[in-house]
Structures are given as C-alpha cells and as structure tokens.
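Here are a few notes to go with the model, jotted down while paging through it. Have it open alongside as you read.

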Amino acid sequence: MLEDSADPLAAGLAALSARDPATAAGHLRRAAASLPREVMNWVALSQAELALGNHGAAEAALEAQLDIAPRDVGALLTRGLLREQAGDARAASSFYKAALNQIAAEGGLPPPLVSLHDHARAYLRQAEGSFEAHLLEALGDELSPTMVEAVELLLGKRQLYFQQPSVFYYPGLPQKRFYDPAQFPWLEPMLALVPEMQRELAQVLASGAEGFAPYVRTPPNRPAPNSPLLDNQDWTAFHFWRDGAVVEENAARCPATMQALSHAPLVETPGRSPNAHWSRLLPGAHIAPHFGMLNTRLICHIPIMTAPDCWLRVGSERREWIDGVPLVFDDSIDHEARNDGPSQRVILLFEIWRPEIEEGDREAISRIFEAIGNYG
C-alpha cells in the first residue's frame, strides 16, 4: 500500500530514482492532482507511467509538459517515440523533427537523451525514404521538368533560391534562373561569328594572353573586395566594353567580336554600362556563390572555348558550357562557377535588360544608377 507523504512530488522523484516506478507513479499521480499545473514534474510522471507500460497516461503527462514548455527536447523526443510505437508515423516524424530542430537551435544535448536522439534521426531517414517511395509510386514517371523540380523541393532534395540582388531590387519579376535562347533571335548572328571569335581568341592567347587581367580587382579609392580571387589570374577578363566605354585597344584586335556584340541589345547607362568581356576560367578555379547587383538584367554567355567538367550553377540548376549553346540567366539568384577539368574555359559575357521590364522603367533605372555614379 502506498504510504502517505506530505510532499508527494519529492517522494515520487525519490522512488523513481530508486527504480521503483509503481511507487513513483502513485506519488506523482497524487502530486499531479494537488499541485499547480506549472509546478508539477510531468516528465517524471511520464517516465513512471511508461515504465509501467501505461503509454496513454505517459502521453497525457507529456502533453501537459509540452503545453507548459512546447520546446522541451526530452518531452518532444519521448512523445515521438510513443507515437512511433502507436504506429502513427506522421505524428512521430513531427515530434522527432521538432526535437531535432530545437537541438540544432540550442546547440547542445543532455547525455541521457543521446540514444533517443540517434534513434529519432535514424527513424526520420527511414520515414523520409518510405514517404518518397510512396509519393513517387503515386505520381508515376511521366512528370514535366517543372513537376520533377517541385517534387524534389517537396522532398528536400533541392534548395529554394530567390532573387537577392545586392543593390537594387525591381519587384514582381518571375523567379526564373535560365531563359530559353530561342527567345532572343539576335543571338543567331552572334553565334554565326563564333568561329571568327575563336580565331581572335587564339591569337590573343598565343601572344601570352596580353590584355587579360584579373576580374576581381581593387577599385580606386575603395576597400579591397573580400574575395579569394582578388588580383588572381585564375579568373581573368579581356574587356571590350567597360563601364560604358569601348576598350579601344582590345576592340581593335578583335573586330569579329565587336561585330558580334553589335547584334546584342546591350544595357546602356552612362558611366556604368555596356559591359562585355571574354571571361577566362583556368583549371581549378572556383567563383564562389554570390549574387549580382540588380535583378533588372540578364547575363549572357556565348561559349568561345569550352572545357570538360566546367560548370555554372544558378540556384538549384547546374549546367555546363556546350559549343553553340548560349546561356542566358538571372545573376541576382545565388550562383557560382567552377572549372574541375584540365582545360581553360573562355566565354563572351555581356548583359541585357530583362525582357519583362518596360522601356519607361528601363530609362528610370538607368537614371537611378547614373545619379548614383554622379553623387559626390
């Protein structure tokens, strides 16, 4: 028979510590009935009930604890375990995920919870695999590329990226990584000049690549950029237009390239654009993930010298440069490039207006950046 106690909570904790769950449960039940809800040790009661096989009572105690402290890691993990044992996979996954997220946020885990934490992680991996198989079986194989991406986002296999320009954001534009080159018919006469541009590039490279200079440089009277490619020959540029002015010496050496650029509707802002150059990436070079300055332009790449294992990632989509295939993309979305192959890669790079922006807004945007350039 359970002995009476003036302090049933203390007696229950002592019995639990002595591994006497039956006595502990009796004291702790009396404590739960007499003490204010927020004073009661609901986790201790759940442990006692769980040791006696009273899963329903254990869950009720954990529910009370989570009402008071919704992010209690031990309560979340144990509630997940009880839901798992009850065959409720979705609820178990929810409690386990909440617990793991809280552990990640707090940055620590009490030693008694390590094994349950490891079990939760293993359970979630298995549950995610089962859910993926179930979902793919229901969908079948005939999915559009857009739906494939949507499903991969749902399953956590892809990261979601949005436009995040570092200087100027124009609202309402579609979150579109790459554009179809067929949308820009002026690319065709540019591509027709690729063989002549390749000959011009070969002549420049044969002369020791004179005219190529590190793309990342320290501007006059400004702090040096925080980039591992600062003044680095791994990523260099041979400029044809720079900050709105023709680079006469380079233009004279490469008339076919200048002719090709004459077909493109280059952005024109006094003192700032057009900008157009050959971009050269040497083997092993890595242009780290970054965002462009504004989302009102698109960056165009025309491959001049392709290389194997050399790639560009924009958002969650990765492409390689292929002969005869231009790339048109939004550089305000997180992007990077890397040359993992043995050969250098050279592309003709220039910028155009996004087609969704009307002429009046283009003029206003140009005035904004002209004014920024003239200020002070």
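**Notes on the predicted model**

1. Let's start with a helix pair: α4 passes α5 in a left-handed crossing. Bear in mind that this is a predicted model. The axes of α4 (residues 55-68) and α5 (residues 73-85) come within 10 Å and cross at roughly 145°.

2. Who does the touching here? On the α4 side you'll find H55, A58, E59, L62, E63, Q65 and L66, and these meet A75, L76, T78, R79, L82, R83 and Q85 of α5. Sorted by class, that contact has 6 nonpolar, 4 polar and 4 charged residues.

3. Next, the sheet. It is an open one with 4 strands, running β6-β11-β8-β9, and the pairing is antiparallel. The edges belong to β6 (286-290) and β9 (317-320); each has a single partner strand, so one side of each lacks a neighbour in the sheet. From one strand to the next, the twist averages 15°.

4. Within that sheet, have a look at β8 (residues 310-314) and β11 (residues 335-339), which pair in the antiparallel sense over 5 bridges. As a handy landmark, V314 sits opposite H335 in β11.

5. Last, the second largest pocket, with a volume of about 430 Å³. It is lined by 14 residues, and S93, K97, A127, E128 and F131 are the closest to its centre. Two elements, α6 (89-106) and α7 (114-139), give two or more residues to the lining. Which of them gives the most? That is α7, with 6 residues. By class, the lining of this pocket has 6 nonpolar, 3 polar and 5 charged residues.

Key: Residues numbered from 1 in each chain as written. Predicted model: local features only at pLDDT ≥ 70, side-chain atom pairs only at ≥ 80, totals over all residues. Heavy atoms only, no water. Axes fitted to C-alpha atoms, helices over the stretch in contact; angles between N-to-C directions. Left-handed = near helix turned anticlockwise from the far one by under 90°. Contact = heavy atoms within 4.5 Å. Nonpolar A, V, L, I, M, F, W, Y, C, P; charged D, E, K, R; others polar. Pairing = 2+ DSSP bridges. 1 Å grid on protein atoms, 1.4 Å probe; cavity = no way out; pocket = protein on both sides within 12 Å on 5 of 7 lines; lining within 4 Å. Points joined across faces, edges and corners; volume = space filled by probe spheres on them.
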